[in-house]
Amino acid sequence: MQSVAMWLSKLELAQYAEAFARNHIGLDLLPSLTDQDLRDLGIQSLGHRKRLLKAIESLRAGGAAEGSTASIPAHSAAQRRQLTVMFCDLVGSTQLSARLDPEELREVVRAYQSTCAEEIARFV
């Protein structure tokens, strides 16, 4: 499990770890922090606040911020789940793209995707 201090370190902002700890800011609270909260924590640098807000936004979105290796794993236990995976390919699409005008190819691909989506929707 990753700590707030480790997360800050990955963002190259480890100097703020003590402020987060002193204010009892844990991993669970990071996604709810605002610019004003960061100011209240004593982070005066606009650049540092922006970097933190960008990383926090990626937490809200569920991924890592662009250019950041920092992510926070969710609190969860291993679960066994049934999963269905489907792979669908438009055979000959590479050759087709060489023969068709880009707008025509787009229409063919759209029709293919629409047909696939309709068939998938029948089983959802």
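What share of the 124 residues in the protein is buried? Buried residues make up 23% of them, where buried means under 20% relative accessible area, exposed means over 50%, and partly exposed covers what falls in between (1.4 Å probe, protein chains only). Before going further, a word on the model: it is predicted, so local features need pLDDT of at least 70 and side-chain atom pairs count only at pLDDT 80 or more, while totals for chains, interfaces and linings use all residues. Residues are numbered from 1 along each chain as its sequence is written, and side-chain values use heavy atoms, with hydrogens and water left out.

Let's start with the overall layout. The protein has 6 helices and 0 strands, giving the pattern α-α-α-α-α-α when you read along the sequence. Helices here are DSSP runs of H or I with at least four residues, strands are runs of E with at least two, and the numbering goes from the N terminus. Take contacts (heavy atoms within 4.5 Å) between residues at least 6 apart in sequence: 48% of these join residues at least 24 apart. As for the outside, the accessible surface comes to about 9,200 Å², and 53% of that belongs to carbon and sulfur atoms. Those areas come from the Shrake-Rupley method with a 1.4 Å probe, and for residues only the protein chains shown count as cover.

Now for the inside. The largest nonpolar core has 19 residues. A core in this sense is a set of buried Ala, Val, Leu, Ile, Met, Phe, Trp, Tyr and Cys residues joined through side-chain atoms within 4.5 Å. If you want to find its best-connected members, look at Trp7, Leu8, Phe20, Leu30, Leu33, Leu38 and Leu52, which have the most contacts inside the core. Helix 1 (4-10), helix 2 (17-22) and helix 4 (46-61) are the elements that give two or more residues to this core, and helix 4 gives the most, with 4 residues.

Helix 4 is worth a stop of its own. It has 16 residues and reaches 22 Å from its first C-alpha to its last, close to the 22 Å expected at 1.5 Å a residue; the expected span is 1.5 Å times one less than the number of residues. Arg49, Leu52, Ala55, Ile56, Ser58 and Leu59 are buried in helix 4. What covers these buried residues includes helix 1 and helix 3.

Arg49 also leads us to the charged side chains. The structure holds 5 salt bridges, each defined as a side-chain nitrogen of Lys or Arg within 4 Å of a carboxyl oxygen of Asp or Glu. Arg49 is linked with Asp35 and Arg39 in a network of salt bridges. Within that network, the side chains of Arg39 and Asp35 meet at 3.1 Å, N to O. Both lie in helix 3, 4 residues apart, about one turn of the helix. Arg39 is partly exposed at 36% relative accessibility, and Asp35 is partly exposed too, with 26%.

Helix 6 (102-121) has a pair of its own. Arg110 forms a salt bridge with Glu107, and their closest N and O atoms are 3.5 Å apart. Which spacing in sequence separates Arg110 and Glu107? They are 3 residues apart in helix 6, so about one helical turn lies between them. An α-helix has 3.6 residues a turn, so residues three or four places apart point the same way. Arg110 is partly exposed at 47%, and Glu107 is partly exposed at 43%.

Further along, Arg122 forms a salt bridge with Glu119, the closest N and O atoms being 3.1 Å apart. Arg122 is exposed, with a relative accessible area of 58%, whereas Glu119 is partly exposed at 39%.

This end of the chain also has a nonpolar feature. Met86, Ile120 and Val124 form a nonpolar patch on the surface, with about 340 Å² of accessible area together. Patches are made of residues with over 30% relative accessible area and no salt bridge, with like charges joined within 9 Å and nonpolar side chains (Val, Leu, Ile, Met, Phe, Trp, Tyr) joined within 5 Å. Val124 sits in the segment after helix 6 and is exposed, with a relative accessible area of 86%.

Finally, two backbone oddities. Most residues other than glycine have a negative phi. Glu12, however, has a positive phi near 60°, and so does His24. Glu12 belongs to the loop between helix 1 and helix 2, while His24 lies in the loop between helix 2 and helix 3 (35-40). Glu12 is exposed, at 66% relative accessible area, and His24 is exposed, at 66%.
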